[in-house]
Structures are given as structure tokens and as C-alpha cells.
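Let's take a walk through this one together. Have the 3D view open and ready to rotate as you read.

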Amino acid sequence: MPTTCVIGILWGDEGKGKVIDYLAAETDFVVRFGGGHNAGHTLVLPPAIAGEGKLVLHLVPSGIVHAHAVNVIGNGVVVDPIHLCDEIEKLQKRGLRVELGDNLLVSERAHVILGAHQRQDQLAEQSRGSGRIGTTGRGIGPAYSDRCSRIGMRVGDLVRPEALRKVLTALVEQKNALFAQAGIDLLDFDSMYAELIAVGEKLRPGIVDAGLALRRAQSAGKRILLEGAQGCLLDLEHGTYPFVTSSHSSTGGAFSGTGLPPHEMRTIGIVKAYATRVGEGPFPTELHDDTAERLRAAGKEYGSTTGRPRRIGWFDTVAVRYSGGISGAKELVLTSLDVLQGFPLKMATAYRLADGTETLDMPAFDLETVEPQFVEMPGFDENICDVRDFDELPQNAKNYVAAIEEQTGMRISTVSVGPGRDQVIQR
Ligand code: IMP
């Protein structure tokens, strides 16, 4: 199948960057279809490719490290154009080829995030008090809200001075009314306009009708990789609402966020061998003891965008089954199995609800009151980072993989045993 879609199965941070990186080697187009620079896709590459240290991509698709791939920021993404220019510059400084209009295209229909959206995001969080979502503070929600309210600015506006003037006038008026009420500094139209025109000039070669480019590529039989951001349980519609992001981060967004028509494709769900979450919201299998601390340290579980410590819990087959259904993923890549070395292997197989009944299905409400029902399996003490053949994994690790497959009904096609590009076991 020429199209592959990679989706985070729980709340993001499953290691999608690494999976996309190895799939991109065999792909013509790599496309982001939702979210913005709230995402952080981490790649650990040989120094010859991108210099020393890990590479964290926020907006530029992970295919950028492959010379042959065309990377597309689709219409479903919200683009902070200043951040994008900075990210491009940083990548170029690390020796990567990033050429707008050649190997990086930006949809003219994608919406723009302004500094004002970030201020609005932070204000909204403050006003939520104890009901705060724990957003990344990047302005994602307000930018998508403006899109829905039909007052948003699109990337194509950045290269149309008159259209930009019109849309910016309305936005400044609306935001200033809000900021005046909150008693914070007002926006200055002239400096914003000048800055946006300048950044539009920089991005101009890459601003295209990306949907058209992708449909043409599809007709020509090109291989397309759709790079999900965040995860199914952060999906605006299907996630743990209201503790979600503001985009359609499950497979549904892959069509609306690119302009590709729905078509048959291979959907791969990425899931960690334990569970994590950043930000607020229900997390049934969350751990609050010393095991969480140890797992966080072993897995280096700190947000790649905000640096926040991630919340840690056991594998949750109820949630994974649900996300499998929502996303259509038939296969899973199981990441960070190596991190479980020396830990018990535990997974939730059902939830007990407040009324005492048990369910195998994910409830839409009162998730914070469910009691996960766990099964525990013996763990493994061996270091598995260098294992490349599934049969050579410790028996207990193999049993765990088999139990996940049995509980979720999804095949684990790949197991990742470390952050490095080659640390994978294909089955
Ligand atoms: P927002 O996307 O900044 O509005 O944040 C909404 C929720 O999604 C918060 O709980 C964030 O921590 C979470 N979130 C957003 N992007 C990511 C991501 O890339 N990985 C994990 N969590 C994320």
C-alpha cells in the first residue's frame, strides 16, 4: 500500500519520531497533518547525519533527515511562522538540507499561530485555575479556535499583503479587546504586520497548495507517510475531553489535515511498553509511588517540548484497544521495551466502574473514577538494548509482547529497544 499513517496510541510521546525516521527511508513524501509546535519528535541519529546530540523536530516533518524525501506541513497543522523559520535555521546549522519549495512545502491553507495566541493560551490556562488542561502554552487551542470562528489567518495570507492587512486588523481588534480586559499589553498592528510580511517573504518559496501536490503524488503512485502528532487520547473528538489538544490527532485528521481523500492505507499505532501522559487529565493506570520515579528516570520521561516530567503508569489494554478501533491501526510498534528491564510487567485488562461493574470499553465520562484491573507477569533482568532478533529476547519479555497482542487483538510488528535508529526488532 503506498500510503502509511503513523499514529500515537495514547497521549503522545510514544516515540513516533524514530518510527517515522525509519519508515521515511522508503517513502517519497512525509506529511504532518495536525498539531503544531506543541509536538516534539525526537530522533537519535548517527553524527554523520545531523551532528552530535539528539534532534527534536517540532513542526518540520521527521523525513527531513532523508535527502530524498519531500516534507509537507499539511493544512491541518497550525504554523507559528517565526518558530518555523527558527527551526529551519537550526536544522540547516546542523548540516541538514532544508530547502523551501524543494524538500519542504507548507500548505497555504494551514492556519497561523501568532504570539498573541500564545498569550491567549496562557491567559486561558490561568483562568481555568484547578481545571487547567496543562497545555504546552504554544497557542494551539486559540489558533484552532480562530480557525473555527472563521477569523483565522492562513499561511497563504502571509504572502498577500492586502489579505494579511484585513485579517490581521480583525484579529488585533479581537485580541486587544481580550487583553484590555485582562489588563495586559495590547498588540501593535504595525510591528506585527511588518514582522509577518518579513517572515512570509522567507517562507514564500515553500508556500503551496499542498493538498494538490499530495493528490498528484498519490495519483503518480508515490509513497506517502502521514506523520501523526500527539496521540489518539489527545484527539479533540475521541480523546479524554476536555483534557485533549485542539486537533484531530487520530487517523481521521490524516485526511482533513492533508486534502488527500480517504483511501485504504497501512495504519501503524505507536505504543510504549508502559504508559505516560504530560499535562492534566485522567490517567487510569497512573503510578504515584517510587516505581513511577524509577521508570521516569529509566525512560528519561521528560517532555521534549516543555521539559515537564511525564506522568507514568502501567500499560493499559482498555485504552489501547479503544485507540486501535478509533485509528484503524491493525499493527503496533511497541517502543521502550528496554526501559522495563528490572521492573514487574503489569497491564490493565479491564476497568471497574463506580457502580461495581467491569468493562472492557473506554468510557467517555468519569474516567478518573475507574479502577483498572491489572494482571502482573514476571519481568526480565537482562539488558535487551542490543537484541535484534525477537527470538533472542528473554522469555518473559516475549510473554509480555504476546499478552499485549492477545489483549489488544493487534499484531506487534516491531519492537523498539532503545532510542537509536538501529535499535529495532522487526518481526
Ligand atoms: P496543547 O496541545 O498545547 O493545547 O495541550 C493540550 C494537551 O495536550 C496538554 O495536556 C499537553 O500536555 C498535551 N500535548 C500537546 N502536545 C503534546 C505532545 O506532542 N505530546 C504529548 N502531549 C502533548
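Start in the middle of things, with Cys5: its bridge partner in β10 is Leu226. Keep in mind that what you're looking at is a predicted model. That pair belongs to a parallel match, with four bridges joining strand β1 (residues 3-8) to β10. Turn to strand β2 (residues 29-32) and you'll find four bridges to β10 there too, again running parallel. Here Arg32 stands opposite Glu227 in β10.

So what about the faces of β10, residues 224-227: buried or exposed? Both are covered. Ile224 and Leu226 sit on one side, Leu225 and Glu227 on the other, and all of them are buried.

Now zoom out to the whole sheet. It is open, has 10 strands with mixed pairing, and reads β9-β7-β5-β2-β10-β1-β11-β15-β19-β20. The edges are β9 (207-208) and β20 (424-426), each of which pairs on one side only. At the β9 end, strand β7 (residues 104-107) pairs with β9 in the parallel sense over two bridges. If you want a spot to click on, try Val106, whose bridge partner in β9 is Ile207.

Next, the domains. The assignment splits the protein into domain 1 (3-109 + 207-268), domain 2 (111-203) and domain 3 (270-426). Let's stick with domains 1 and 3, whose C-alpha centres lie 24 Å apart. Their contact takes 39 residues from domain 1 and 40 residues from domain 3.

How much area is buried between domain 1 and domain 3? About 3,000 Å², with carbon and sulfur atoms giving 60% of it. On the domain 1 side, the residues that lose the most area to domain 3 are Ile9, Trp11 and Lys18, together 23% of what that side buries.

There's plenty of polar detail to look at here as well. Between domain 1 and domain 3 the count is three salt bridges. For a concrete example of a salt bridge, find Arg421 and Asp21, where the closest N and O atoms are 2.7 Å apart. Across the interface of domain 1 and domain 3, 22 residue pairs are in polar contact.

Which elements of domain 1 supply at least two residues each to the side that touches domain 3? They are β1, α1 (16-24) and β11 (266-272). Of the domain 1 side, α1 gives the most, with five residues. And β1 brings you back to where the tour began, as the strand joined to β10 by four bridges.

Note on methods:
Residues numbered from 1 in each chain as written. Predicted model: local features only at pLDDT ≥ 70, side-chain atom pairs only at ≥ 80, totals over all residues. Heavy atoms only, no water. Pairing = 2+ DSSP bridges. Buried < 20%, exposed > 50% of the residue type's maximum accessible area, 1.4 Å probe, protein only. Domains from an automatic or database assignment. Contact = heavy atoms within 4.5 Å. Buried area = accessible area lost by both parts, 1.4 Å probe. Salt bridge = Lys/Arg side-chain N within 4 Å of Asp/Glu carboxyl O. Polar contact = N/O pair within 3.5 Å; in protein donor to acceptor, adjacent residues only side chain to side chain.
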